[in-house]
Amino acid sequence: MAAPMMEHNNHSNMNLSELKLADSTKSDSPSEDGNLADDIVVLVLREIGGDLKSLKKVSGLLEKLTLENKQLEEQVQTVSSSGPLRVSAALHAAEESQKKLESLLDKERLLSNKLQQHLQGAQVWTDSIGQVLGQLDTLERHMKYLQCLARIEELSDSIQQYLMTNSVWDAVRAIDSMASLDMDLRESGCLHLQAFLRETLRFWHKILKDKLTSDFEEVLTQLHWPFISAPTQTLSPPANAQELSSQLELLVSQLLSLQTSDDLISENKETSARPGQSQTPPLSLPIQIMLLPLSKRFRYHFTGNRQTNNLSKPEWYLTQILIWMGNNSNFMEEKIQPILDRAGGNVNARVELCRGLLTLAQEKLAHDAPRLLYDDALFCHLVDEILQFEKELRSTHSYPRAYPGVLHILLEESVFQKWLSVERKMAVEKVDTMLSAEGAWSSQYKDITDMDELKAPDCAETFMTLLLVITERYRSLPCQRAQLSFLALQKELVDDFRIRLTQVMKEESRQPLSSRYCAILNAANYISTVLSDWGDNVFFLQLQQAAVSVGEEILGPLGATESGRLASLEGSLFEELLALLERLRGDMLGRLLDAVMRDVKEKAQPYCKDRWISLPSQSDQATMSLSSSACPMMLCLRDHLLQLQQMLCLPLFQMFWQGLAERLDCFIYEDLILYNHFNEGGAAQLQYDMTRNLFPLFGHYCKRPENFFKHVKEACIILTLKVGPALLLCDVLKQSEEDLPNHQQSSPESALNELGIYKLAPSDVQILLNLRSAWLNQS
């Protein structure tokens, strides 16, 4: 029985499996039906399993599913019945809100209407109150106006009372209060009140200032002020020196207290600053009074029809200003400066004196300069005197750089343009004179070896001195635009001088070995050297930075690359000129080398045509000596080297002999060695002539002259090579040409390097080997 039961169970399992398989084969049905069928199969397998005995669970499963289905239906009915109730509740709430909103809008309209009616009724009151407030404001302003008038009258009466009782300090304080009131009224629109206050202030200020000035001048006179000539030690101090010092300190302090009112009164008298001149504070009142006697003397002597007022003698009044500064500086430092320090005035008495005296010079120069624009000689003299005065002022009298001197007079447009044109005219005339001078192309230091390294001719040295003088003249100008204008003038003059050098060079080009031609070459090199040094000078580096920002207006448009190089200090302001001078120097050196090589080649023709293939061997000669045919060439080289060493500066001569060695190396190699065949004696003779005679000619200028004759030196090595090594070298070269693989054979380059051959190529060595007579005999 067991066996049939097992068979039945197997059959049941097979049926369920077949049911699952059959269900899974229905893959062509829609996806939702397929998913549902899969879920049913999974549910049956999970709840019942594959055993037929478990079929009794079907009823329980059915009841369970029926209960779940009923519960779901009840939930759906509950949700569907509660939905309309919620919607209706929401609609009811919305209707209530709408009613409340309409009610609020009605109330708002009602309130708005009431408010408008109230405002219309209140407008009358508002207009009447506004009129009252306006009247009150007017009354208040009138009251303040009257209060200011009363205050002015009060201060005026007080000042009068103080002056009558000789209460100077109280009068000073009252005037200071009146000055403060004047400053407070600056922003108001009460023009008449301001004018009245200013006139009142001016009235009492003048009275008090005149009183203090009179007392101050009396004290200064007793102290021998001003010192017109240099003070001497023979003057004994006055008997009442202590009393005078006390009075001096009291008066200076009182005058300093009047400074504010004095500045206010002097406002309308101030003039605008000139170009290149910064605005400076007014002079302190005590210094102004101390300058009065000096100012009177200056105007007496240097204005009107006085003989001392001479346009051609600006040095008279400029020197007088400097003398007064020197004579009175000690008094200012010893007597006045301590009083200023104790009074709390942040003022340097000596500098204030210089400022006041400078004002006299500035006014005089501003008046005279335009009158000299049409007289070049007098104008140049005026410029020289101004520059010398400025130098003395800054150095001898230590006048601060922060304060303007007199150079701004030269920066007036008409005066400055005249200065530039005169500088250009004078420079061109001097260049014409120096180039036509008898000793223009000779060096004044030619007999002094230590000082004549660059061998610059007089014309070039004088020209660069001229440029240096121009630089010193405009270096101290307070305006970089003006400095750049002078720099442009200098560059123009250098280019003009270069063109003149080129013209003279072309006239001398037929005789490039003449002393004048070499002097021109030295001049070009000297100017180039000096300009290169200037390019690294701090002053020109500062101008270089200024040229990047404002230089295009003066120096012309700068490209982006050039501006970048100037800004990064890679380039130089003279870069373009240096390139032109370098081109001229290279062209002249080339002409000089051509002339020397023509002479050398002419003298070397017999030597090149010597019978090198039939010369006796070295063993057949007792001693080796220079080939007789080489003597003219060697003498020619020696003479030219000695001559040009004397005429050219050291840097140029180094360039010359190195260029000559390079050309001579190529000439001997191409026109002598490659042109002939050599036996053993000829090769030995050539090597002797080169190593013992030619190379030593250049040994005076370097330690290893053979390095400048690499073609000749290596050719002599190949030509004098012993037969055995020569054959081996020939085999190596042939194998390299035939590309025969032989790992034990060295490369041709390494073989040549072992012999000291680095310059010549294997093909060149092959040609040289074929020039040996032994090869000719073998062939």
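# Notebook: a walk through an all-helix list

I started with helix α22, residues 680-698, which has 19 residues. From its first C-alpha to its last, α22 reaches 27 Å, close to the 27 Å expected at 1.5 Å a residue. I then checked α22 for a bend and found one of about 30° at Met690. Note to self: this is a predicted model, so everything here is computed.

**Entry: the whole protein**

I counted secondary structure next. The protein has 27 helices and 0 strands. Of its 779 residues, 38% are buried. I also looked at contacts with a separation of 6 or more, and 75% of those are between residues 24 or more positions apart. The accessible surface comes to about 44800 Å², and carbon and sulfur atoms hold 54% of that.

**Entry: the core**

Which residues touch the most other members of the largest nonpolar core? I got Phe656 and Ile673, in a core of 197 residues. Helix α19 (residues 575-608) gives this core its largest share, 14 residues.

I then listed what Ile673 touches, skipping residues up to four places away in sequence. The list is Ile668, Phe678, Leu686, Val712, Ala715, Leu719, Leu768 and Leu771. Leu686 caught my eye, since its number falls in the range 680-698 of α22, my starting helix.

**Entry: Met434**

I moved on to helix α12, residues 413-436, where Met434 sits. Is Met434 buried or exposed? Its relative accessibility is 10%, and buried means under 20%, so Met434 counts as buried.

Then I asked what Met434 is in contact with, leaving aside neighbours within four places in sequence. I found Ala440, Cys459, Thr462 and Phe463. For Phe463 I also took the C-alpha distance to Met434: the two are 29 residues apart along the chain and separated by 8.1 Å.

**Entry: salt bridges**

Reminder from class: side chains of opposite charge can pair when their charged atoms come close. I found 32 salt bridges in the structure, and I looked up a few of them.

Lys425 and Asp376 make one, with N to O at 2.9 Å. This pair links distant parts of the chain, as Lys425 is in helix α12 and Asp376 is in helix α11 (residues 376-395), 49 residues apart. I checked exposure too: Lys425 is partly exposed, at 39% relative accessibility.

Helix α12 turned up again with Asp432, which forms a salt bridge with Arg500. Their closest N and O atoms are 2.6 Å apart. Arg500 lies in helix α14 (residues 480-508) and Asp432 in α12, so this pair ties together parts that are 68 residues apart in sequence. Asp432 has a relative accessible area of 37%, so I put it down as partly exposed.

Next I tried Glu472 and Arg475, whose side chains meet in a salt bridge at 3.3 Å, N to O. How exposed is Glu472? It is partly exposed, with a relative accessible area of 44%. Arg475 is partly exposed as well, at 32%.

Last in this entry, I found a network of salt bridges that links Lys364, Asp368 and Arg371.

**Entry: odd backbone spots**

Most residues other than glycine have a negative phi, and most peptide bonds are trans. I went looking for exceptions.

Where is Pro226? I found it in the loop between α5 (191-222) and α6 (241-257). The peptide bond joining Trp225 and Pro226 is cis, with omega about -5°.

His224 is in the loop between α5 and α6 too. Its phi is near 65°, a positive value in a residue other than glycine. With a relative accessible area of 40%, His224 is partly exposed.

Asn166 is another exception: it is not a glycine, yet its phi is positive, about 65°. I placed Asn166 in the loop between α3 (57-164) and α4 (168-184). Is Asn166 buried or exposed? The cut-off for exposed is over 50%, and Asn166 has 52% relative accessibility, so it counts as exposed.

Technical notes: Residues numbered from 1 in each chain as written. Predicted model: local features only at pLDDT ≥ 70, side-chain atom pairs only at ≥ 80, totals over all residues. Heavy atoms only, no water. Helix = DSSP H or I, 4+ residues; strand = E, 2+ residues; numbered from the N terminus. Buried < 20%, exposed > 50% of the residue type's maximum accessible area, 1.4 Å probe, protein only. Contact = heavy atoms within 4.5 Å. Areas by Shrake-Rupley, 256 points an atom, 1.4 Å probe, with all protein chains shown as cover. Salt bridge = Lys/Arg side-chain N within 4 Å of Asp/Glu carboxyl O. Core = buried A, V, L, I, M, F, W, Y, C linked by side-chain atoms within 4.5 Å. Expected span 1.5 Å × (residues − 1). Bend = angle between axes of the 7 residues up to and from the residue.
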